[in-house]
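Here are some exercises to work through with the model open on your screen. Try each task before you read its solution.

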Amino acid sequence: MFSPATRVYLPVIQTTRDPMPRSLITGCSSGFGQAIAARFLDEGWEVIATMRRPATEGLPASDRLRILPLDVTQPQSIAAALHEAGPIDALVNNAGVGMLNVLEGAEIDKVRELFDVNVLGTMSMTRAVLPAMRQRRAGVIVNISSSVTLRPLPALSIYSASKAAVNAFTESFALEAAGFGVRARLVLPGSAPETSFGKNAVARMGMDTPEAYGPFVQAYVQSLRNVTAKTSALNVAQAVWRAVTDPDAPMMLPAGADAEAMFRDTARSAA
Ligand SMILES: NC(=O)c1ccc[n+]([C@@H]2O[C@H](COP(=O)([O-])OP(=O)(O)OC[C@H]3O[C@@H](n4cnc5c(N)ncnc54)[C@H](OP(=O)(O)O)[C@@H]3O)[C@@H](O)[C@H]2O)c1
């Protein structure tokens with residue numbers, strides 16, 4: 001396992017000006033973002049935990065932790081946060097929102113909002129950190145996708161499309177960044193009921209599920225309750241840690257027993 005004493009193991013660390021590697025993580029007000037931040041602090045990194053409304057709740061106290069305001073949909077907010085942060089060794093694009101509804105129940109304005117956060121937010125953050133990483137010829141960008149891109153589920157078509165876009169973006173971008181010593185990787189968490197993601201996804205429905213879909217959606221929601229294999233925030237933090245510190249990590253890292261099982265079922269696992 002990487003520790004500050006063994007940091008020479010990491011190409012990304014070798015060329016940083018600062019003695020301590022620094023990560024910037026988006027969406028640290030809750031859920032996976034907090035677990036990822038805690039993991040990097042445990043490993044001796046400096047952590048810039050960003051969130052729309054800065055708060056210390058849920059994050060460990062540490063003199064290596066800085067909390068900065070950042071809304072990934074606002075270019076000025078991105079620029080201000082990165083100016084304040086200084087050079088970044090690892091960017092984790094974790095901020096994301098869900099939407100649980102059938103297509104006919106999805107308001108198009110809410111669809112735009114979701115793509116703005118999940119897709120354009122990820123692209124904007126990546127674009128903003130890239131020039132400095134490219135000049136330094138070092139850096140890792142980890143984008144949080146989802147296991148819904150491995151096995152489709154109903155009532156998640158909008159969300160799944162946004163994460164499929166993140167996958168395609170990351171895989172293509174990784175090819176153009178590799179020549180500059182910058183790595184990009186994907187982490188695909190499974191279902192993690194411990195975070196507030198599901199509750200938020202329901203809140204973002206925009207309108208009620210159309211009546212015609214009622215029995216279908218009820219049966220589907222019931223089937224979800226019977227699923228036992230789940231993902232924890234610690235699983236996600238571990239996968240992100242590996243994506244950042246293992247130069248040989250594969251392009252896609254499933255996180256959690258459910259995501260790992262889905263990944264094994266896909267041709268991607270053989271790649
Ligand atoms: N939980 C799951 O089952 C699951 C499964 C697969 C993938 N994921 C993905 O994992 C990531 C984290 O999800 P989570 O489970 O930790 O959910 P969460 O607890 O709801 O956290 C989502 C985070 O994103 C932030 N966010 C939303 N809009 C933002 C914006 N415009 N700018 C900056 N931050 C914004 C939220 O901040 P606010 O407090 O300001 O809203 C929150 O901190 C997401 O990308 C999600 O799609 C989750």
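**Exercise 1. Find the bridge partner of Pro189 in β7, then describe how β6 and β7 pair.**

Step 1. Pro189 has Ala255 as its bridge partner in β7. This is a predicted model, in which local features need pLDDT of at least 70 and side-chain atom pairs count only at pLDDT 80 or more, while totals for chains, interfaces and linings use all residues. Residues are numbered from 1 along each chain as its sequence is written, and side-chain values use heavy atoms, with hydrogens and water left out.

Step 2. Four bridges connect β6 (182–189) with β7 (252–255), in the parallel sense. Strands pair if DSSP finds at least two bridges between them. Strands (E, at least two residues) and helices (H or I, at least four) are DSSP runs numbered from the N terminus.

Step 3. Now look at the side chains of β7: Met252 and Pro254 point one way, Leu253 and Ala255 the other way, and all are buried. Buried means under 20% relative accessible area, exposed over 50%, and partly exposed in between, with a 1.4 Å probe and protein chains only.

**Exercise 2. Work out which strands flank β2, and how the chain gets there from β1.**

Step 1. Begin with β1 (residues 22–25), which runs parallel to β2 and is joined to β2 by four bridges. Here Ser23 stands opposite Val47.

Step 2. Follow the chain from β1 through helix α2 (residues 31–42) to β2: this β-α-β crossover is right-handed. That is, with the strands pointing away from the viewer, the path from the first strand over the helix to the second runs clockwise.

Step 3. Turn to β3 (residues 65–69), which is also parallel to β2, with five bridges between them. Ile48 stands opposite Arg66 in this strand.

Step 4. Check the faces of β2 (residues 46–51), where six of six residues are buried. Glu46, Ile48 and Thr50 lie on one side, with Val47, Ala49 and Met51 on the other.

**Exercise 3. Which elements build the largest nonpolar core?**

Step 1. Recall the term: a nonpolar core is a set of buried Ala, Val, Leu, Ile, Met, Phe, Trp, Tyr and Cys residues joined through side-chain atoms within 4.5 Å.

Step 2. The largest such core has 32 residues, and those with the most contacts inside it include Ile36, Phe40, Val47 and Val240. Two or more residues each come from α2, β2, β4, β5, α8 and β7. Helix α8 gives the largest share, eight residues.

Step 3. Zoom in on Phe40. Not counting residues up to four places away in sequence, Phe40 touches Ser23, Trp45, Val47, Arg64, Val240, Trp241 and Val244; contact means heavy atoms within 4.5 Å. Ring pairs also link Phe40, Trp45 and Trp241 into a cluster.

Step 4. For a check on α8, its 13 residues at 1.5 Å a residue should span 18 Å, and its end C-alpha atoms are 18 Å apart, which agrees. The expected span is 1.5 Å times one less than the number of residues.

**Exercise 4. Classify two aromatic pairs that involve helix α5.**

Step 1. Rings of Phe, Tyr and Trp (its six-membered ring) pair if their centres lie within 6.5 Å; planes under 30 degrees apart count as stacked, over 60 as edge-to-face and the rest as tilted. The structure holds five aromatic pairs.

Step 2. For Tyr159 and Phe197, the ring centres are 5.3 Å apart and the planes are at 55°, so this pair is tilted. Tyr159 sits in α5 and Phe197 in α6, 38 residues apart. At 7% relative accessibility Tyr159 counts as buried, whereas Phe197, at 31%, counts as partly exposed.

Step 3. For Phe169 and Phe173, the centres are 5.7 Å apart and the planes at 20°, so this pair is stacked. Both Phe169 and Phe173 are buried. Being four residues apart in α5, they are separated by about one helical turn. An α-helix has 3.6 residues a turn, so residues three or four places apart point the same way.

**Exercise 5. Is Thr122 buried or exposed, and what is in contact with Thr122?**

Step 1. Locate Thr122 in helix α4. Its relative accessibility is 5%, so Thr122 counts as buried.

Step 2. Leaving aside neighbours within four places in sequence, the contacts of Thr122 are Asn93, Val117, Asn143, Val166 and Phe169.
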